[in-house]
Amino acid sequence: MHSDQTSGIAQVTGSLGQDGIAVLDSGRQDLTEDGVRSHDFASRSRSESALHDEVDSDDSVEDYDDIRLDPDTLVANTMPSVDDSLRPAGKTGMKDDYRRRQSEPGLDLKSARKGIQIKLEKTDRKGRYVLTADDPEIREILRKGLEREEREAAGKRPRTRIRDLVFTRQFTTFDRQNPTSAESPFFGFFTLFWLAMVLIFVQTALNNWRAYGSILGDNQIAKLMFSRELLTLGITDGVICAATSEAYFLQLAISKGWINWAKSGWIIQNLWQTAYLGTILWWTWFRDWPWTHSVFIVLHALVFVMKQHSYAFYNGYLSGVYRRRALLERKLKQLDAIEPVSSPPSSPLGMPTFGARSASVDLGKPNEETDSTLKPRRPFVGNRTSTNLAIEKSDVASVASAIESGKPLDLDQLQAFRHVIQEEIAELSTQLSGKSQSPTSANVYPHNLRLGNFAEFICLPTLVYELEYPRQERINWWYVAEKTTATFGVLCVMQVISQAFIYPPVAKTVAMKEAGLTMAERWVEFPFIVSDMLFALLLEQLLTWYVIWECILNVLAEVTRFADRGFYGDWWNSVSWDQYARDWNRPVHNFLLRHVYHSSISTFHLSRHSATFVTFLLSALVHELVMAVMFKKVRGYLFAMQLLQMPLVSLSRTKLLKGRTILGNVIFWLGLFVGPSFLTSLYLIL
């Protein structure tokens with residue numbers, strides 16, 4: 001057939017002549033997203049039923065409504081019959097170019113190609129042929145298609161792959177080592193803020209000294225924190241830290257083949273995490289600790305739960321990848337043991353033909369089995385953790401099936417099959433290496449399953465496990481001393497502010513309840529309680545954030561030589577609540593992104609909107625859990641307010657607020673200013 005007759009044809013029909021040359025008629029239909037390549041010249045061979053296999057909606061599928069040609073399938077010097085409007089960028093104007101070249105003197109266009117000869121080989125199924133073309137340009141077309149499909153596949157990993165996160169060398173925004181911080185035009189405001197904190201501390205301390213003879217006043221909060229069971233608190237913290245080693249020993253058992261992660265390993269891990277957190281909650285209730293002790297232990301336990309989960313699920317995934325690679329290595333040895341035949345097999349039915357660059361096309365008319373509405377095309381790669389190649393739909397599975405069939409293979413087929421398996425093994429090896437610099441690194445799975453490696457991860461200021469992280473060459477102990485001093489200094493400021501401005505209104509609400517005031521009588525005092533704690537709680541929130549994410553995490557990072565200090569973004573510039581949720585606590589955000597949001601999509605096949613809701617829901621439940629531990633009652637106020645952020649996020653994307661940066665930032669700060677005091681007053685009054 002001539003190329004001008006086949007451009008834009010999704011299906012052809014015809015008969016096979018005695019000489020093996022096909023006589024074809026075109027039946028123009030809607031083109032696929034990949035144009036001619038995806039059907040007429042499929043860039044990768046598939047089994048005969050592959051075109052009718054279902055794929056997930058999140059996988060790469062073709063849109064049969066788009067008429068867009070594949071630039072690689074336009075052969076040079078063929079008749080330019082395709083309309084310019086249908087040509088991709090860079091291919092337009094070919095008709096004009098053809099006419100211009102016709103008028104050029106001395107140019108004989110009769111020698112230009114008018115068509116490409118192809119051969120069809122019958123199969124056992126009616127209307128199904130194997131198309132081959134011994135033509136260098138067709139081979140080039142198919143080669144380009146193969147390369148592009150491999151590039152696309154590299155950017156669209158299988159759904160079961162663990163979400164990759166990028167760790168880089170960086171400093172926190174307010175760190176003096178950050179050059180952009182020192183050069184910031186707002187550097188003076190940062191200095192002013194801390195100067196104001198020092199002056200507040202001095203003023204309050206002097207007033208307390210004059211009234212009580214102590215800079216801390218009556219010192220009720222300090223007595224609450226340090227007067228009860230400090231030793232028991234420390235022992236409890238040590239026990240819950242040591243108990244995290246369950247994740248390590250479970251993964252060790254999985255790597256030795258005693259437990260299968262995909263079958264029972266993940267169930268054991270989830271049951272353990274539930275029992276772990278439940279036991280700690282019960283222990284805080286049993287000891288009847290003050291809220292300072294209980295909140296500290298519960299928050300620390302939540303950090304350990306997230307670390308265990310990330311360690312277990314990442315290594316559990318790698319255990320499946322490791323088992324699959326071992327299986328493919330055995331298949332490769334089987335393939336190497338096969339002696340090639342001198343000529344190709346006589347019956348190509350069911351045999352992958354990667355080496356011949358052939359493609360399976362349906363030349364029959366539409367029927368009940370192959371209607372005109374083609375189903376989406378599956379990706380050519382399989383599940384990276386699957387070891388059941390018998391039910392898998394992928395190139396590797398097709399090769400494995402051909403090996404097991406015992407059919408004779410020629411040298412070209414053996415080389416093509418070997419290439420397919422070796423590429424898959426190389427990709428699996430890359431995943432097992434993770435961020436490691438070398439495939440022989442000590443941290444390549446399963447060599448990373450060492451108690452020292454696990455203990456190091458527990459100490460690192462990150463909640464997301466990776467095989468390797470960017471590290472510093474040495475520890476700056478002067479920097480450690482600086483941040484440690486800042487930590488205790490900020491804690492002293494927080495102590496004074498809490499004692500002077502937060503404790504009195506809290507004590508007032510407790511006295512009202514003890515006096516037997518009714519709900520209505522207490523509710524009258526509600527706006528005044530909110531007002532009394534507005535500035536104090538805002539300062540406490542800012543200082544708490546600073547002491548954890550700027551001071552403590554930087555100390556941990558320096559001691560462990562952890563180079564990625566991106567613990568937060570510029571959340572103070574947020575114009576919506578989703579931006580704030582992403583930026584104010586990057587370690588937790590990264591954990592939720594990988595292990596909740598993306599896992600919800602890959603495991604439960606949720607849509608992106610549903611996965612976002614699940615992520616917000618889990619976050620809201622955890623925050624409400626902390627409030628229940630603090631106030632020893634469940635009210636759901638914080639839970640409701642956090643879920644309310646979702647419609648507020650949608651509102652920020654409407655015409656009313658979209659693009660209005662200042663208004664969005666004002667609304668954000670109003671919420672952050674009023675929210676803590678409002679919620680705390682609700683828990684205290686009601």
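## Helices, a surface patch and backbone exceptions

Val-674 is found in helix α22. This is a predicted model. In it, Val-674 counts as partly exposed, because its relative accessibility is 35% and the partly exposed class lies between 20% and 50%.

Val-674 also belongs to a nonpolar patch on the surface, formed with Met-641, Leu-644, Leu-648, Leu-651, Leu-656 and Phe-678. Together these residues have about 540 Å² of accessible area. Two elements, α21 (645-652) and α22 (661-685), give two or more residues each to the nonpolar patch.

The UniProt record, an unreviewed entry, places the feature "transmembrane region" at several spans, including residues 266-285 and 666-685. In the model, residues 666-685 are 100% helix and 0% strand, with end C-alpha atoms 28 Å apart. Residues 266-285 are likewise 100% helix and 0% strand, and their end C-alpha atoms lie 29 Å apart.

Gln-273 sits in helix α9, which covers residues 261-287. Is Gln-273 buried or exposed? Gln-273 is buried, because its relative accessible area of 9% is under the 20% limit. Leaving aside residues up to four places away in sequence, Gln-273 touches Val-305, Gln-308 and His-309.

How many disulfides does a search of the whole structure find? The search finds 0. A disulfide is a covalent bond between the sulfur atoms of two cysteines. For Cys-241, the closest cysteine sulfur is in Cys-459, at 6.8 Å; this is too far for a bond, because a disulfide needs the two sulfur atoms within 2.5 Å.

The table lists three residues that are partly exposed.

| Residue | Relative accessible area |
|---|---|
| Cys-241 | 32% |
| Cys-492 | 42% |
| Arg-561 | 31% |

The backbone has some exceptions to note. Most residues other than glycine have a negative phi, and most peptide bonds are trans. Arg-561 is not a glycine, yet has a positive phi of about 60°. Arg-561 lies in the loop between α16 (526-559) and α17 (577-583). His-605, also a residue other than glycine, has a positive phi near 60°. The place of His-605 is the loop between α18 (586-604) and α19 (608-631).

Which residues does a cis peptide bond join? The bond is between Tyr-445 and Pro-446, with omega about 5°. Pro-446 is in the loop that runs between α12 (411-433) and α13 (451-459).

How values were computed: Residues are numbered from 1 along each chain as its sequence is written. This is a predicted model: local features need pLDDT of at least 70, side-chain atom pairs count only at pLDDT 80 or more; totals for chains, interfaces and linings use all residues. Side-chain values use heavy atoms; hydrogens and water are left out. Helices (H or I, at least four residues) and strands (E, at least two) are DSSP runs, numbered from the N terminus. Buried means under 20% relative accessible area, exposed over 50%, partly exposed in between (1.4 Å probe, protein chains only). Contact means heavy atoms within 4.5 Å. Patches are made of residues with over 30% relative accessible area and no salt bridge: like charges are joined within 9 Å, nonpolar side chains (Val, Leu, Ile, Met, Phe, Trp, Tyr) within 5 Å. Accessible areas come from the Shrake-Rupley method with a 1.4 Å probe; for residues, only the protein chains shown count as cover. A salt bridge is a side-chain nitrogen of Lys or Arg within 4 Å of a carboxyl oxygen of Asp or Glu. UniProt positions are given in the numbering used here, feature names are shortened, and annotations may be inferred rather than shown by experiment.
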